[in-house]
Structure formats: C-alpha cells, structure tokens
Amino acid sequence: MGLQLHALQVNDARLQPVAAKVLAGERLDAADGLALYQSHDLLAVGWLANFVREKKHGNVTYFNVNRHINPTNVCVAHCKLCAFGRSPDSPGAYNFALDEIYKRAGDGVAEGATEFHIVGGLHPDLPFEYYLTLIRGLKERFPQVHLKAFTMVEVGYYARISKRSIRDTLLAMKNAGVDSLPGGGAEIFHPRVRKIICDHKVSGQRWLEIARTAHELGLRSNATMLYGHIETAEERVDHLLQLRATQDITHGFVTFIPLAFHPANTGLAHLPGPTGMDDLKAIAVSRLLLDNFDHIKAYWIMLTPRIAQVALRFGANDLDGTVVEEKIYHDAGATTPEFMTRAELERLIRAAGRVPVERDTLYNPVDRVKNPMTPPRVSPSRSDGFVPETSLTLNL
Ligand code: V47
C-alpha cells in the first residue's frame, strides 16, 4: 500500500479507465465523457477535474471587474429558453439611447471595469450601423476598456440584415472597436434540442462557423453551453467535443462557461432546472473534456455564489465577475444579486483556499497600482504556498 494522502478513490467501475487516462494526460473521448456525466461518483469526477485544473493553474483563481450592458431586450427570435426578449410593443420592452449606454459605461469605468460585456436582443428595426456607432462611441470615450461584444447569434443576424458576409460583418465590428466576442447563444448545438429551445437562432454549425471566422480574423471569443433543460448527456458531450474540435483548429476560444438553465418566465417554465449535482458535473466534465481550453469559468450569477465557490474545487479557475445589472437570468427568475464587490469575490475565492488574481478579458493580470481606483490586489506569482499533488496513489 502506498501513501494514501491525496489519493483518488474511484468507486464507479466505469470511471476507472477514464481516471487512468486523465492521470496519464491522455485525451478523453465521447464514451469517457458519457461515463463522467452518468456517474454518481461526484467526488471522483471532481477530483479528476481539480487535478487538471491545478496542473494548469495551481491555486490561482481569476476574476474580473466588468459591466454588462444590454442595449435592448427587443428580440425577433422568441426563443423558448429565454425570459429576456420582448416584442417591440410588449410591456417591459426597452431600447437604451446611446447617451444612456455611455452613461452606464462611464459608471462602470468609475467602478474600475476593464471590460464591457455587451449583448442584446435581435431588434427588428435597428440597423447594423447603430451597433457600429455604439461601439465607436464607447471606444472613443473609454479606449482603455476591452469591448467584448455581440454573440455569434447577433453576428449572424447583423450579417443577414446588412446583407454582408459573416467575414465582412466581423471585420466591420473589429474596425469599429470590438475586441472580442462573448460566448453566448451556443446553447446545445444538436439540432433536436435547438429546434425546441431556440428554433429561430442560428444553427449549431453556423455558430461554430462564425466563431471560426472570428478567430481567423484575430477576434478571440468565449464559448458556452446551456444545460439543465431537455438535453441528454450524449448531446452535452457532442457539444463539448464540437467545441474542442474547433479549438484544435483555431485556438481562438479563451474561456468556456457552462450556463445553468433558469426556467422561470420562459417557454420551458414547466421544467425543474438543473440540480447541484448537474452544476458541479457541468464544470468538472467540461474541464476534463476541453483539454485545449485554458480556462473554465464559474458564473456565480447562475450558479449562486455558494455553488460557484465550490466549483473552484471542481475544475473552475475563474469566478465571474462583478457583473452589474444582469438581466438575462434575473428575468428568468434568478434570485442571486446583480452585483458582487471585488472584496466579496476575493473573500469567496480565499475561503475556497485559492489565490485571487484580477485579470483583464484575455487573462493578463490587471495592475491596480497603475490604475489605483481600488486597493491593490494579490500578486499572481506562486507565492501562495501551492504544492502540486506529487504523491498520487490511484486506488483502482
Ligand atoms: O446565450 C438565456 C443563456 C446566455 C436563459 O462570454 C439563459 O464571458 C439560463 O452567454 N436561463 C447569455 N440561461 C449569457 C452568456 C455569458 C454569461 C457570462 C459570461 C459570458 C462570457 C457569457 O444566457 C444566452 C443563453 O445561453 N440564457 N436565457 C435562461 N432562462
């Protein structure tokens, strides 16, 4: 018997070959992904994901100071999964004037935001030029802030309404000042699921094609997966493997964010939504299958701060964010706050035994000494006492 400290105990026989592959640094396949999702041995799944996470990032956990801006909730798509979109004449429909957006952005900058996360509905009347003007206006006023703007779904829609190719649409966005793209709208790529939850959105193949084109043009992006509705474990695995195959080609994805479905006020309100097991497995399995993604983000807005904090020990290395005025999940019944201070984020990260590091959108450490709006943060160096798990014993 070897030293059992830090030992991995695998109780589910189906996980044993998967565990051996993870420890040997081998790539997992679809059958492995399925075994991980179907296993109730959550601690073994989480241990393996944490092993990979610590190999990549040690004890560091990133966070950023950002501001979400949703210019309009008017949307022609009417997706069943969504509680945010409205018809133009519905109660609660809104379009912010440009000046209103600049004011909100200015508030974000005063709070130390290094990123604006900009997504909105597919508006029937606003032309593509409106969005370019918005981006130019933000860039002119706040050149130091990274503009992470417009999902692949919005890009597909702008291409259609402006009669441009995807490439030309992305180029126009880039020239106006877009720095990268958020990961939304991916949902689940499989057509069976898309037909039910978001029938009028771009197809999964189109989403991936737009991401590939963005990456080719030097615009990096995130990727997401919406889980906990009608999808099967096979469809989740398929989604992750399609992202991994795209990443093998482009290396353009920055972060993966599993998004927990919130059913309230949506066309799928009869569904129960994901459980805590689903949340932690979504984080862990994505960490294990997406071996070519550097970062896995726990989005506390959807997970709750408590689950998001635990996720930092199940594969996540990023806690997002200080988000202000989140609308998409709060319209769908999320009861989490819309804002978390830097101090609270750091407290959650430290209480999980991790070291908080403020990052910008592309994971460069943010230097708050140069930008002293807020107190200086912990250095990203490995002065955190982290010791890699060198004394592994595998109990197979
Ligand atoms: O695309 C919509 C999802 C996404 C619901 O890139 C819902 O850094 C749950 O993509 N319940 C938008 N989810 C959010 C998003 C995101 C969030 C944080 C960071 C990043 C990033 C991206 O929210 C949508 C859709 O997949 N969504 N409705 C709902 N009822």
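Guide: Welcome! A pocket is an open set of points on a 1 Å grid over the protein atoms alone, where a 1.4 Å probe fits and protein lies on both sides within 12 Å along at least five of seven lines; lining residues have an atom within 4 Å of a point. This model is predicted, so local features need pLDDT of at least 70 and side-chain atom pairs pLDDT 80 or more, while totals for linings use all residues. Residues are numbered from 1 along each chain, and side-chain values use heavy atoms, without hydrogens and water.

Visitor: What takes up the space of the largest pocket?

Guide: The ligand does. A molecule sits in a pocket if more than half of its atoms lie within 2 Å of the pocket's grid points.

Visitor: What makes a residue part of the lining of the largest pocket, and how many residues line it?

Guide: An atom within 4 Å of a grid point is what counts. The lining has 43 residues, and Gly185, Glu187, Lys201, Ile328 and Tyr329 are those nearest the centre.

Visitor: Why is the pair between Lys148 and the ligand called a polar contact?

Guide: A polar contact is a pair of N or O atoms within 3.5 Å. A polar side-chain atom of Lys148 is 2.7 Å from a ligand oxygen atom, so the pair fits that definition. The side chain of Asn222 also has an N or O atom 2.9 Å from an oxygen atom of the ligand.

Visitor: How much of the ligand does the protein bury?

Guide: The protein buries 96% of the 620 Å² that the ligand exposes when taken alone, using Shrake-Rupley accessible areas with a 1.4 Å probe.

Conventions
A polar contact is a pair of N or O atoms within 3.5 Å; within protein, one must be able to donate a hydrogen and the other to accept it, and residues adjacent in sequence count only if both atoms are side-chain atoms.
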